[in-house]
Amino acid sequence: MDSLYSTEKQYKNIEKGLLGSYGLSFGNRSPEGSPTLFLYHNNKYVIASFGEVQVGTWRVVKEKYLHLNPNKTKYPFSVYGRYNPSIGDSSKTSFLGDRFSYRTLITYNKTTKSPVNLTPIFNKDANCFDFPYVHKTASVPKQISLAFNQSYEESEDQKITLYNFKNTTNFNDFIIFEYTREENKMPIRVLIDGNQLVFSEHQITEKSPLPKPGSENDTFIKEMSAINFTPKTVYYNFGYKEFKSDEINSKNYKYNKKLNNYKYKRKVAATYEEETSDYHNFLQVNKYEMLQNATQEHKQFKIDKKSIIYTICD
């Protein structure tokens, strides 16, 4: 916790009065729906807009300021893995989400040498993306190292922050997530003026009630405020569609030791698997565990000209 909040008084009465929802359109209405700030109990907040949600914690400072601090992950990347019996001594890596670019660099090799040789995930002018983005190698890496190079430059005296994830359990099937956009989000400082929040001279919003308890909006906001962006385990099928843990750990699925995954045990139509894409197929789901042996270091580096994944349209 920031030292400011550990020494600052808690203003329970003011905080109680702030609980509510606040429209953030400031007169600029969007057809997809304007962003809304929800201040909940336990100093949790959610900013929800079309296609994007920001969650974090909030505090009252000096009686008249509201600080919104977005949640951030420990590292700008996380790596999950599993042992996949079907690929043996080879490996595959999936890059999930839309944040990867030529600025994201990777190596499966040791990083003891200097400069370390790093490879872009995508080519610089990548387009025509075709999900999922999977990279296969002929061996199993002992370590996966990732970096983000904002300027995309290299020089003899330049160093980059490498995030090293050791593969101590001999996994050969990986999923990598990138959170560099979240890392760049800064705390928001707002002036409290009675039932209003003043973001700037022309950006003032008035409090409205929170969604009715038990309503769909209330359930959604509460689920978002409690979400863990880096759980220790995640579940995905072969098309990289995510499944909730309570769904897999129910009576619908049974662990299959031979395949090291979970198989659906309820009856389905005989033609189901033939007619269903990998993404929508729920008959087999894989459990991935976070690689928690992670370190970071600053290293001189070089960038390969060839990317891990190349995709471009003429």
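## Close-up views of a predicted model

**View 1. Asn261 and its side-chain partners.** The side chains of Asn261 and Gln284 form a polar contact of 2.9 Å. A further polar contact, at 3.3 Å, links the side chain of Asn261 to that of Asn286. This is a predicted model. Asn261 sits in strand β20. Its relative accessible area is 0%, so Asn261 is buried. Beyond four places in sequence, Asn261 touches Arg82, Phe238, Lys254, Tyr255 and Asn256. Gln284, Val285 and Asn286 also belong to that contact list.

**View 2. Strand β17 between two partners.** Strand β17 (residues 233–236) runs antiparallel to strand β21 (residues 284–290), and four bridges join them. Tyr235 has Lys287 as its bridge partner in β21. β17 also pairs with strand β18 (residues 242–243), again in the antiparallel sense, over two bridges. There the bridge partner of Tyr235 is Phe243. β17 and β18 make a hairpin, with five residues between the two strands. Tyr240 lies in the turn and has a positive phi of about 65°.

**View 3. Asn84 in a loop.** The loop between β6 and β7 (91–95) holds Asn84. Is Asn84 buried or exposed? Its relative accessibility is 4%, so Asn84 counts as buried. The Asn84 side chain makes a polar contact of 2.6 Å with the side chain of Ser86. The side chain of Asp173 is another polar partner of the Asn84 side chain, at 3.2 Å. With neighbours within four places in sequence left aside, Asn84 is in contact with Lys92, Asn172 and Asp173.

**View 4. Lys267 in a loop.** Lys267 is placed in the loop between β20 (261–264) and α6 (272–275). Its relative accessibility is 83%, so Lys267 counts as exposed. Ser90 is 177 residues from Lys267 along the chain. The C-alpha atoms of this pair are separated by 34 Å.

**View 5. The largest nonpolar core.** This core has 22 residues. Which of them touch the most other members? They are Val79, Phe95, Ile106, Ile144, Leu146, Phe165 and Ile176. Elements giving two or more residues to the core are β6 (77–82), β11 (143–148), β12 (159–166) and β13 (173–178). Nonpolar side chains tend to be buried together in soluble globular proteins. Take Val79 as a centre for the view. Residues up to four places away in sequence are not counted here. Val79 then touches Ile144, Leu146, Phe165, Phe174, Ile175 and Ile176. Val79 also touches Glu289, Met290 and Leu291. A second core, separate from this one, has 16 residues, including Leu24, Leu37, Leu66 and Leu68.

**View 6. The eight-stranded barrel.** Eight strands close into a barrel with antiparallel pairing. Their order is β1-β2-β3-β4-β5-β14-β15-β16. From one strand to the next, the twist averages 30°. Strand β1 (residues 20–23) pairs with strand β16 (residues 203–208) in the antiparallel sense, over two bridges. Ser21 has Ser208 as its bridge partner in β16.

**View 7. Helix α4 across the strands.** α4 lies across β2, β3 and β4. The helix runs at about 120° to β3. Which residues of α4 (residues 216–225) are buried? Asp218, Ile221, Met224 and Ser225 are buried. These residues cover an arc of only 135° around the axis, so they are on the same side of α4. Among the elements that cover the buried residues of α4 are β2 (36–40), β3 (44–49) and β4 (52–61).

**View 8. The five-stranded barrel.** Five strands close into a barrel with mixed pairing. Their order is β8-β9-β22-β12-β11. The twist averages 50° from one strand to the next. Strand β9 (residues 116–120) and strand β22 (residues 294–303) run parallel and are joined by three bridges. Leu118 has Ile303 as its bridge partner in β22.

Definitions and conventions
Residues numbered from 1 in each chain as written. Predicted model: local features only at pLDDT ≥ 70, side-chain atom pairs only at ≥ 80, totals over all residues. Heavy atoms only, no water. Core = buried A, V, L, I, M, F, W, Y, C linked by side-chain atoms within 4.5 Å. Buried < 20%, exposed > 50% of the residue type's maximum accessible area, 1.4 Å probe, protein only. Contact = heavy atoms within 4.5 Å. Arc of directions from axis to C-beta. Pairing = 2+ DSSP bridges. Axes fitted to C-alpha atoms, helices over the stretch in contact; angles between N-to-C directions. Polar contact = N/O pair within 3.5 Å; in protein donor to acceptor, adjacent residues only side chain to side chain.
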